[in-house]
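User: Hi! I'd like a close look at one part of this model and how its surroundings are put together. Could you walk me through it?

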Amino acid sequence: MTIRQSTTKSNNRCNAISRTSKQKKLDAHAYRQKILQERKQGGFASSAGDLVIDSDELHDVDVTKSPGYRREKHMDKQRKRENMKSRRESSSSSSASPSPSDVEDSSKSSFSQCTFNMANILMGVGMLGLPYVFKSAGWIGGFCVTIGFCLVTWKTSYYLGRALNGDPRPVHLFDGSDLTIKRMRNPVSSFPEIAREAFGDNGCICLSAVLYFELFSCLSIFFVSLGDHLHALFPNISQAKHMTIVAGILTVPSALLRTPKLLSYLSMVGTFATVAVVLSVVMSALFMFFKIGDSAGVEKEDYALYSSSGLPLAMGIVAYCFSGHAIVPSIYNSMQRPHEFERMIDVTYGVVLSACLFVAISGYYMFGDDVDDQITLSLEKRAGDGNLAMDCLTWLMILTACSKFTLTMFPLALGFEEMLTSILPSDLAMELVDSAVKIVLIFLALAVAIWFPSFSFLCSLVGLICTVIVSVIFPALANLRLFGPSLSLFEKLLGWLLVVGGAFVAVVGTIATVDADM
């Protein structure tokens with residue numbers, strides 16, 4: 001090879017890297033313009049309504065994140081990888097360039113980070129209602145529902161990991177030590193891909209509809225939680241007025257901001273709030289226990305051993321608490337060692353179950369049948385006025401609900417916007433629709449929250465309808481459809497038991513919960 005040919009190839013390579021780098025720097029705003037241009041040129045869309053990007057540019061499409069938002073995140077990761085690679089190449093012209101696997105591993109998460117992320121997703125606002133689960137179903141019913149649903153979702157998490165890996169066998173077998181082991185199917189990287197592989201495009205559409213409905217329902221749940229906690233701090237103002245005021249306040253940033261990137265820093269508040277709630281409930285219960293042991297004048301609360309009438313509501317709340325399977329593909333793809341996925345799930349569910357039982361038992365022990373559907377409200381009532389620690393905890397829950405509300409609304413709003421992309425004539429029209437969609441979603445969620453101002457009722461309905469479908473029925477049925485012929489008889493029976501049992505709980509539980517609330 002001549003020096004001229006080598007120089008030409010080097011220049012071409014530099015130009016290609018430069019073009020790729022410039023292309024990756026598109027933000028969400030410019031990405032919308034690109035969508036409009038490609039639509040006008042006979043653009044592309046999947047039958048599920050999601051934009052289909054070139055596979056070299058974007059592999060991991062998740063229905064819980066709209067393509068515009070996920071594109072921005074993907075470009076950030078790609079930019080970091082390119083910068084790292086260029087620095088290593090420029091450090092020494094004679095040294096060998098780093099292998100792709102080394103660059104890729106540096107951008108992925110360790111075992112402990114993935115465990116933390118998964119636990120943080122599962123331990124959300126639903127944990128506040130766990131003592132109410134024991135009130136509804138009693139000591140025995142509460143234990144059975146909590147532990148039972150934890151085991152079910154733990155197993156279905158395995159199903160999702162194996163579907164992503166492309167083989168029904170445990171993922172730790174594919175650690176690369178035995179090259180003779182071959183996967184039955186090609187690995188996939190997202191929830192929609194699992195749905196398309198198992199059920200076709202129609203299955204992907206149905207799954208997307210359920211996930212978007214769940215996101216919208218969560219907006220109403222956050223409104224109710226905000227109203228309840230603000231009413232606890234300012235009892236002279238009604239819950240409905242509190243929710244309306246908050247809706248008006250949230251309208252301005254939601255309509256003006258085009259990306260939740262800045263607001264995403266508030267997500268750490270949710271983690272801190274979860275730890276604060278668990279510690280507050282457990283420490284309060286221990287304090288009360290020692291006071292009772294010292295014969296202090298604390299009245300013994302009423303407790304129920306078992307209540308069948310409250311089981312449907314209890315199952316829905318617990319199901320909502322363990323909802324998080326939609327994010328499992330993202331956690332799996334972010335792991336440095338995907339073959340450790342199932343061990344990560346084991347550790348995560350052990351931590352989450354322990355925290356849930358601590359909160360549920362401690363809260364029900366302290367308040368008995370007088371416990372509210374959010375344990376923080378009961379703690380606020382018992383602390384009384386002027387308790388600085390409880391006031392801080394209440395404000396922390398308010399800030400958490402606000403941040404989760406905004407972050408939940410963005411992917412939902414962008415999903416609706418992208419459905420309308422093909423009929424919008426310009427980028428200005430897209431910006432106007434962007435604001436209009438968010439405002440409409442805010443006040444629709446407010447209307448639902450005012451009409452059903454019960455935290456436990458809404459959590460139970462979302463858990464019974466959405467979580468059971470996404471976290472129980474779908475993983476089990478997809479496992480049967482993808483790997484049915486190679487599954488053992490026990491695995492087949494277990495899969496069908498989860499599908500049929502999940503459908504029964506969803507239908508019967510929803511009817512019973514609605515009838516009980518009427």
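Leaving aside its neighbours within four places in sequence, which residues is tryptophan 139 in contact with?

Analyst: Happy to help! Please keep in mind that this is a predicted model. Setting aside the residues within four places of it in sequence, tryptophan 139 touches Phe134, Tyr303, Ala304, Leu305, Ile361, Tyr364 and Tyr365. Tryptophan 139 also lies 8.8 Å from serine 307, C-alpha to C-alpha, although 168 residues separate the two in sequence.

The tryptophan sits in helix α6, so let's follow that helix outwards. Helix α6 covers residues 130-165 and packs with helix α16, residues 455-483, at an angle of about 35°, their axes being 9 Å apart. The crossing of these two helices is left-handed. On the α6 side, the contact is made by Tyr132, Phe149, Val152, Thr153, Thr156, Tyr159, Leu160, Arg162 and Ala163. From α16 come Ser456, Val468, Ser471, Val472, Phe474, Pro475, Ala476, Asn479, Leu482 and Phe483. Sorted by class, the α6 and α16 contact holds 13 nonpolar, five polar and one charged residues.

Helix α16 has another partner in α7: these two pack at about 165°, and their axes are again 9 Å apart. Because angles over 145 degrees count as roughly antiparallel, α7 is roughly antiparallel to α16. Here too the crossing is left-handed. By class, the contact of α7 with α16 comprises 23 nonpolar, four polar and four charged residues.

Helix α7 deserves a look of its own. Running over residues 191-233, α7 has 43 residues, yet its end C-alpha atoms are only 41 Å apart, whereas a straight helix at 1.5 Å a residue would reach 63 Å. A kink of about 135° is found in α7, centred on phenylalanine 199.

For one further helix pair, turn to α10 (residues 311-321) and α17 (residues 489-517), whose axes come within 8 Å and cross at roughly 120°. That angle makes α10 oblique to α17. The α10 and α17 crossing is left-handed. Pro312, Leu313 and Met315 of α10 meet Val505, Gly509, Ala512 and Thr513 of α17. Those contact residues divide into five nonpolar, two polar and no charged.

To bring it back to your starting point: tryptophan 139 belongs to α6, α6 packs with α16, and α16 in turn packs with α7.

Terms used. Residues are numbered from 1 along each chain as its sequence is written. This is a predicted model: local features need pLDDT of at least 70, side-chain atom pairs count only at pLDDT 80 or more; totals for chains, interfaces and linings use all residues. Side-chain values use heavy atoms; hydrogens and water are left out. Axes are lines fitted to C-alpha atoms, for helices over the stretch in contact, and angles run from 0 to 180 degrees between N-to-C directions. Helices (H or I, at least four residues) and strands (E, at least two) are DSSP runs, numbered from the N terminus. Angles under 35 degrees count as roughly parallel, over 145 as roughly antiparallel, 65 to 115 as roughly perpendicular and the rest as oblique. A crossing is left-handed if the near helix is turned anticlockwise from the far one by less than a right angle, and right-handed if clockwise. Contact means heavy atoms within 4.5 Å. Ala, Val, Leu, Ile, Met, Phe, Trp, Tyr, Cys and Pro count as nonpolar, Asp, Glu, Lys and Arg as charged, and the others, Gly among them, as polar. The expected span of a helix is 1.5 Å times one less than its number of residues. The bend at a residue is the angle between axes fitted to the seven residues ending there and the seven starting there.
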